[in-house]
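The following note is addressed to a colleague who has the coordinates open. Its points may be checked one by one against the model.

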Amino acid sequence: MALVSGVPLDSRLCLCRTLFSFTHELKAIYKTVPNLGMRRGGKSITPSMSMSSTTSAVCNEDGVPRRIGGHHSNLWNDDSIDSLSTSYEAPTYRERADRLIGEVKYIFNSMLVEDGEFTSSLNDLHERLWVVDSVERLGIDRHFKNEINSALDHVYSYWTGKGIGRGRESGVTDLNSTALGLRTLRLHGYTVSSHALDHFKNEKGQFTFSAIQTEGKIRDVLNLFRASLIAFPGEKIMEEAEIFSTMYLKDALQKIPPSGISQEIEYLLEFGWHTNLPRMETRMYIDVFGEDTTFETPYLIREKLVELAKLEFNIFHSLVKRELQSLLRWWKDYGFPQITFSRHRHVEYYTLAACIPNDPKHSAFRLGFAKICHIITVLDDIYDTHGTMEELELFTAAFKRWDPSSIDSLPEYMKGVYMAVYDTINEMAKEAENVQGRDTVNYVRQAWEPYFDAYMIEAKWISSGYVPTFQEYLENGKTSFGCRIMTLQPMLTLGFPLPRHILQEIDFPSKLNDLICAILRLKGDTQGYKADRARGEEASAVSCYMKDHPGLTEEDAVNLINVMVDELTKELNWELLRPDSSVPISYKKPAFDICRIFHHGYKYRDGFSVASIEIKNLVTRTVVETVTL
């Protein structure tokens, strides 16, 4: 998918042809491995930041030569968190939101009545799709699950091989309704073919539009673009739709004045689907929602939807402060502030978890994800830069003994980290037991052990300067990224039971998790390999690919790996949405959304090492600031 690739659109087709000369690399990626492994991995607030020098061997105060990572310090101190507002905790805001939920449900139900108050036989299909799409993008869809299902069942009953019209009696198909229907129905598990888009091509097999770019025509193409991103492997029509709509929308941006629709186009071209985070999109969509005047939907409906979205955004904001304060206490209790050689991104990880769809009641998911990811980041810095081989072997052995007394054999700086790992796994297992009805500690430990083994392999590569083959590197890298362990326990705390046979369709040994781990390892390496190399880490997906293909430049290797990521992403779409799956989409979605979190973090750079630019802005926009009612 072009918007998550580092390859320019005009060169991608050429690179795709080149890619298939390396089919053995793709086959290696698709191969499932024994463990599915993280890679190194509104008030005015001005966080402080310092940056250490570039990596070099230095003598620590213990006299041991150690490398340093050159990472900037924690950006979010106590004052940053304490300054967040909790004014929307007042019961009056919840009461107001609940009243609006009832009114929106009335609107939904009125739309289900033929020729009701808000629809007619000439627009009912599009209006149903529009309201479903709107509540999802505004971040309030969790209140309307039954209404959404009823609306989509109605639309699907009129779906044909040529798509749909605006209404059940329109007589002609409509591109906007068909594109929005294709996207929305597919995301909800309905079987719809992308070949419906063929009927909007001319006799030459090309998408064409009038040179006159009205807001209505632009929105037609905007929804075509959004639909094209939900592509499965081999869907040429979706690739064509993406290329055409991207060019059209970029051209439109040069001609239309700044407006709500121009802001929406810029956002969607920038983030697409796989690097788009729902709470981030909600924040954008709240600002532009009221400016869409291309349809006949009454202003009163728009007003109610956006008011509810603003209330829910701000009510959740009050909860965020409480959860972040709890996270900061945990961070301090285990002595993390004293580990000055490592990255401290606990607030950033929490923000990312808060940006994907989950109910406010899923505090254990958000806090658990932030804690596990922070621990993994600290471990990464220990195993990659700070620790000696002897210390790393001691820590790995201590974890496998799974006994707190094991800390007696560890260096002082490792003791708090070990206890953070031990206690956090046990505490999250207790949270999971409330949902799953069983003890998951041993299962989780079995997921962590191969992760430490993979780290030891990489530590030995770093120590010796060894550069493995691409396939050897990737097989180990999918585990050392830590995707399995940063997903597993948070997912087990969500409100649905995951018996072992279902869990194994999401966790090891599923293709879903294998694809996620491959995507994140490859994408992370394309953004972080230069910094890793400066720290003395020679092995990366880029360097290993170049070793396997002498004469290839770094730029070529990065471009080809990005094309691999695009192909894997389509495979991932299919694994998430395939209609023949025995596992509901809602069960697989948390793992998929965690992939989106990291894909977003690697969009511009390694945002988990350099969190002072885009990721800092994300924290400010989605966690620090409220919206004006």
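1. A residue is termed buried here if its relative accessible area is under 20%. Trp 402 has a relative accessible area of 12% and is therefore buried. The residue belongs to the loop between α15 (389-401) and α16 (412-436). Its backbone deserves inspection: Trp 402 is not a glycine, yet its phi is positive, at about 50°. Please bear in mind throughout that the model is a predicted one.

2. On the chain as a whole, the secondary structure consists of 25 helices and 2 strands. The protein chain has 629 residues, and 60% of them count as buried. The area that the protein chain exposes is about 23,700 Å². Carbon and sulfur atoms account for 51% of that area.

3. A second backbone feature concerns a proline. Which peptide bond is cis, with omega near 5°? The bond in question runs from Phe 508 to Pro 509. Pro 509 is placed in the loop between α20 (500-503) and α21 (511-534).

4. Helix packing is treated next. Two packed helices are described by the angle between their axes and by the distance between those axes. For helix α7 (residues 175-187) and α8, the angle is about 25° and the axes are 8 Å apart. Angles under 35 degrees count as roughly parallel, and α7 and α8 are therefore roughly parallel to each other. Their crossing is left-handed.

5. The contact of α7 with α8 can be described by residue. From α7, the participants are Leu 175, Asn 176, Ala 179, Leu 180, Leu 182 and Arg 183. These meet Arg 219, Asp 220, Asn 223, Leu 224, Arg 226 and Ala 227 of α8. Sorted by class, the contact of α7 with α8 comprises 6 nonpolar, 2 polar and 4 charged residues.

6. Helix α8 (residues 215-228) also packs with helix α9 (residues 236-255), at an angle of about 140° and with the axes 8 Å apart. Are α8 and α9 to be called parallel or oblique to each other? Only angles over 145 degrees count as roughly antiparallel, and α8 and α9 are therefore oblique to each other. The crossing in which α8 passes α9 is left-handed.

7. On the α8 side, this contact is made by Lys 217, Ile 218, Val 221, Leu 222, Leu 224, Phe 225, Ala 227 and Ser 228. On the α9 side, the residues include Met 238, Ala 241, Glu 242, Phe 244, Tyr 248, Leu 249 and Ala 252. The contact of α8 with α9 divides into 12 nonpolar, 3 polar and 2 charged residues. Leu 224 and Ala 227 of α8 are named in the contact with α9, and Leu 224 and Ala 227 are also named in the contact with α7.

8. Two buried polar residues may be examined for their partners in space. Ser 80 is situated in helix α3 (residues 78-82), and it counts as buried because its relative accessibility is 6%. Ser 80 and Val 624 are separated by 544 residues in sequence, while their C-alpha atoms are 8.5 Å apart.

9. Asn 562 is part of helix α23 (residues 554-577). With 3% relative accessibility, Asn 562 counts as buried. Its C-alpha is 7.8 Å from that of Thr 526, and Asn 562 and Thr 526 are 36 residues apart in sequence.

Conventions
Residues numbered from 1 in each chain as written. Predicted model: local features only at pLDDT ≥ 70, side-chain atom pairs only at ≥ 80, totals over all residues. Heavy atoms only, no water. Axes fitted to C-alpha atoms, helices over the stretch in contact; angles between N-to-C directions. Helix = DSSP H or I, 4+ residues; strand = E, 2+ residues; numbered from the N terminus. Parallel < 35°, antiparallel > 145°, perpendicular 65-115°, else oblique. Left-handed = near helix turned anticlockwise from the far one by under 90°. Contact = heavy atoms within 4.5 Å. Nonpolar A, V, L, I, M, F, W, Y, C, P; charged D, E, K, R; others polar. Buried < 20%, exposed > 50% of the residue type's maximum accessible area, 1.4 Å probe, protein only. Areas by Shrake-Rupley, 256 points an atom, 1.4 Å probe, with all protein chains shown as cover.
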